[in-house]
Amino acid sequence: MAEMIQTDVLIVGAGLAGLNAARILNAEGIHAVLVDKGRSVGGRMATRRIGGGLADHGAQFFTVRDPEFQTMLDGWLADGLAFEWSRGWSDGSLAETRDGHSRYAIRGGMNALAKHLAQGLDVRVNFKVEAVAHVDNVWRITAEGGGLAHARAVLLTPPVPQSLALLDSGRVALSEADRRALEAIKYEPCLTAMIVVDGDVRLPAPGAIQRPEAPLSWISDNRRKGISDVLVLTAQASAVYSQQLWERTDSEIASALQVDLLPIIGEQSRIVEMEIKRWRYAQVTSTYRARFLMAEGQPNLVFAGDAFGGPRVEGAVLSGLAAGRALAAALR
Ligand SMILES: Cc1cc2nc3c(=O)[nH]c(=O)nc-3n(C[C@H](O)[C@H](O)[C@H](O)COP(=O)(O)OP(=O)(O)OC[C@H]3O[C@@H](n4cnc5c(N)ncnc54)[C@H](O)[C@@H]3O)c2cc1C
């Protein structure tokens, strides 16, 4: 049966931004419901089962700059949820490329952090929003399959072009300044391959290389990362290479990437299985100047996500926290 939701705040997107906003609102006693089109929470904090193992196929690791995020991380480290994976990456050459800054990862895969944050929250998955409208002073959110939600406030956390499309479908008119600022936010795509290998691979410690200028800009071994019992590589094509290959079929992309992987996967080794994931909005390349945007002239309509807090895991978390606080203040 189609879902009917009535809440104070409807949060579109149960990625890191949405989850952290919901936690703030819950703590303030404001009812928030998160909806996500995916089968599970996490968004780009994505981990997939493949070939009897696991592969992180979205965010690979995260860094910390902000003191509030550091405090959150300290808790996850103490609980054994997060671990320091590395202090920099080799580019595959003999050159020393470590910069000494800690890179953290999550035990059981990056998605486990989203699952942890979702505990105790009201989350509805498989809920694909089609339109966000404002009717009779109430936000009216309609979803594929007839799902419907009514809310006093809406927080939009999908990649911004997708959020704008939802408002356009609901005929919500943004101010000229807001629309201009939101349309200026840009993203790059990323084609990601998950590859199950029988045998060995040539990757320097700690089992990953990062080469921004190469066609495959990131290659990592999820087994050496400690999240998979079997050898599964994650390989990410650079933005330029992703754009070049984007229109090809998955099997054509897999064939091209196999050639690029030849120096990594030894001749004695064999690719057993390979899956391709297309991230159209992988990385934000031009962000908004503040951690969230509260729309002008539209009551309690807020935008958040990594496009606002910074193009990384930490940015999404900080944006969600800031948006949650702003909405709590507005609704009190
Ligand atoms: C391949 C890749 C590698 C990355 N590597 C790193 C890294 O190593 N380190 C790092 O710090 N960051 C990395 N990032 C970036 C990081 O993953 C993101 O910055 C962060 O996860 C974004 O969180 P978010 O909540 O803003 O957005 P998202 O995680 O994208 O969440 C948005 C949610 O909205 C949902 N949604 C969208 N449309 C609808 C709809 N119509 N109805 C319902 N739900 C909808 C989506 O399903 C999604 O769950 C990487 C990203 C990718 C894709």
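**Sheet.** I began with the open sheet of five strands, whose order I noted as β12-β13-β14-β11-β15 with antiparallel pairing, in what is a predicted model. I marked β12 (208-210) and β15 as the edge strands, since each pairs on one side only. For the turn between neighbouring strands of this sheet I took down an average of 15°, direction ignored.

I then went to the pair formed by β11 and β14 (residues 232-237), which run antiparallel and are joined by five bridges. Within this pair I found Val196 standing opposite Val232 of β14. Looking next for what packs on the sheet, I came to helix α8 (residues 250-260), which touches β11, β13 (216-221), β14 and β15, and whose direction makes about 100° with that of β15.

**Ligand.** I looked up the surroundings of the ligand and listed 38 residues around it, the closest being Gly13, Gly15, Gly43, Gly305 and Arg312. The elements that I recorded as giving two or more residues to this shell are α1, α4 (160-169), β11 (186-198), β15 (270-286) and α10 (313-331). By residue class I entered 19 nonpolar, 13 polar and six charged residues for the shell. Why does the ligand lie between domain 1 and domain 2? I noted that domain 1 (4-39 + 125-184 + 290-331) and domain 2 (47-109 + 186-284) both give residues to the shell, so the ligand lies between them.

**Helix α3.** I turned to α3 (residues 111-118) and found this helix mostly covered, with six of its eight residues buried. The buried residues I wrote down for α3 are Asn111, Ala112, Leu113, Ala114, Leu117 and Ala118. Asking what covers them, I found that the cover includes α1 (16-27), β3 (47-50), β6 (103-106) and β7 (122-124). Just after α3, I noted that Gly120 takes a positive phi of about 80°.

**Val64.** My last entry concerns Val64, which I located in the loop between β4 (53-56) and α2 (67-78). Is Val64 buried or exposed? I counted Val64 as buried because it has 20 C-beta neighbours inside 10 Å, and the cut-off for a buried residue is 20 or more. Leaving aside the neighbours of Val64 within four places in sequence, I listed its contacts as Phe69, Gln70, Leu73 and Glu314. I also looked up the separation of the C-alpha atoms of Val64 and Ser86, which are 22 residues apart along the chain, and entered 13 Å.

Conventions: Residues numbered from 1 in each chain as written. Predicted model: local features only at pLDDT ≥ 70, side-chain atom pairs only at ≥ 80, totals over all residues. Buried ≥ 20, exposed ≤ 12 C-beta atoms within 10 Å, placed from the backbone. Helix = DSSP H or I, 4+ residues; strand = E, 2+ residues; numbered from the N terminus. Contact = placed C-beta atoms within 7 Å. Near = placed C-beta within 6 Å. Nonpolar A, V, L, I, M, F, W, Y, C, P; charged D, E, K, R; others polar. Domains from an automatic or database assignment. Pairing = 2+ DSSP bridges. Axes fitted to C-alpha atoms, helices over the stretch in contact; angles between N-to-C directions.
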